Amino acid sequence: MDHADHVRLIRDGVAGARSRWLELGAGEGAFTLALADLLGPTARITALDRDQAALRRLVADGNRLFPGRALTTLRADFRDALPAGPFDGALAANSLHFVADPAAVLAQIRDGLVPGGRLIVVEYDADRGNRWVPHPFSMARFRAIAAAAGFSQPVEIGRVPSRFLGAIYAAVATNPSGPA
Ligand SMILES: C[S@@+](CC[C@H](N)C(=O)[O-])C[C@H]1O[C@@H](n2cnc3c(N)ncnc32)[C@H](O)[C@@H]1O
């Protein structure tokens, strides 16, 4: 997948959203750059990952390709406390499949979202993992996980075939209420 594919996958989830976003497991920034592109010059993105080297590459590419976007990186484990926000949106692309209980992480994300704030998830459409993707969850199962974390029913916004585990989908859900 290239930048245009990343943009296409998440576009409908970002359209019309405000600018403050948190990304969990941003890695080298493939989807951070898509988000920066879609949000435009007012983007304010906090990109979190436990891999500092990956975040350094993300910043270098972000500054080169989208200079002027407010891009903050945070080396952290997303199973621990998350930045308080408030955020207008959160993105987790190919990262929640590293945790056995994604609903717990999603509930924490929701606490930092404004009412109506978006959650975009990009995942393999599979419920059986392997050593590289230990805990994927299908679009069907994401509906239950999102509900357990207090989100609205997710809507699928994109899908690409994948030789690895069949397909990758993108889905968006919203936070129906504000922080507790
Ligand atoms: C497969 S990469 C995906 C990177 C990027 N989102 C993308 O789609 O290209 C997964 C990323 O999640 C990060 N990650 C996995 N578990 C994490 C955790 N518990 N806390 C923070 N980052 C984590 C890894 O360090 C890695 O950069």
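**Reading cores, ring pairs and a helix face**

Author: Let's start with the rings: this predicted model holds 2 aromatic pairs (Phe, Tyr or Trp rings, the six-membered one for Trp, with centres within 6.5 Å). Features here need pLDDT of at least 70, side-chain atom pairs 80 or more, while totals for chains, interfaces and linings use all residues. Numbering runs from 1 along each chain as its sequence is written, and side-chain values use heavy atoms, leaving out hydrogens and water.

Reader: How are the rings of Tyr124 and Phe164 arranged?

Author: A ring pair is described by the distance of the centres and the angle of the planes. Here the centres of Tyr124 and Phe164 are 5.5 Å apart and the planes at 75 degrees, so the pair is edge-to-face (planes over 60 degrees apart; under 30 is stacked, the rest tilted).

Reader: Is Tyr124 buried or exposed?

Author: Tyr124 is buried, at 13% relative accessible area, whereas Phe164 is partly exposed at 32%. Buried means under 20%, exposed over 50%, partly exposed in between, with a 1.4 Å probe and protein chains only.

Reader: Which residues of H4 are buried?

Author: An α-helix has 3.6 residues a turn, so residues three or four places apart point the same way. In H4 (helices are DSSP runs of H or I, at least four residues, strands E runs of at least two, numbered from the N terminus), the buried ones are Pro102, Ala103, Val105, Leu106, Ile109 and Arg110. Seen down the axis of H4, they fall within an arc of 160 degrees (taken from the directions from axis to C-beta atoms), so they line one face of the helix.
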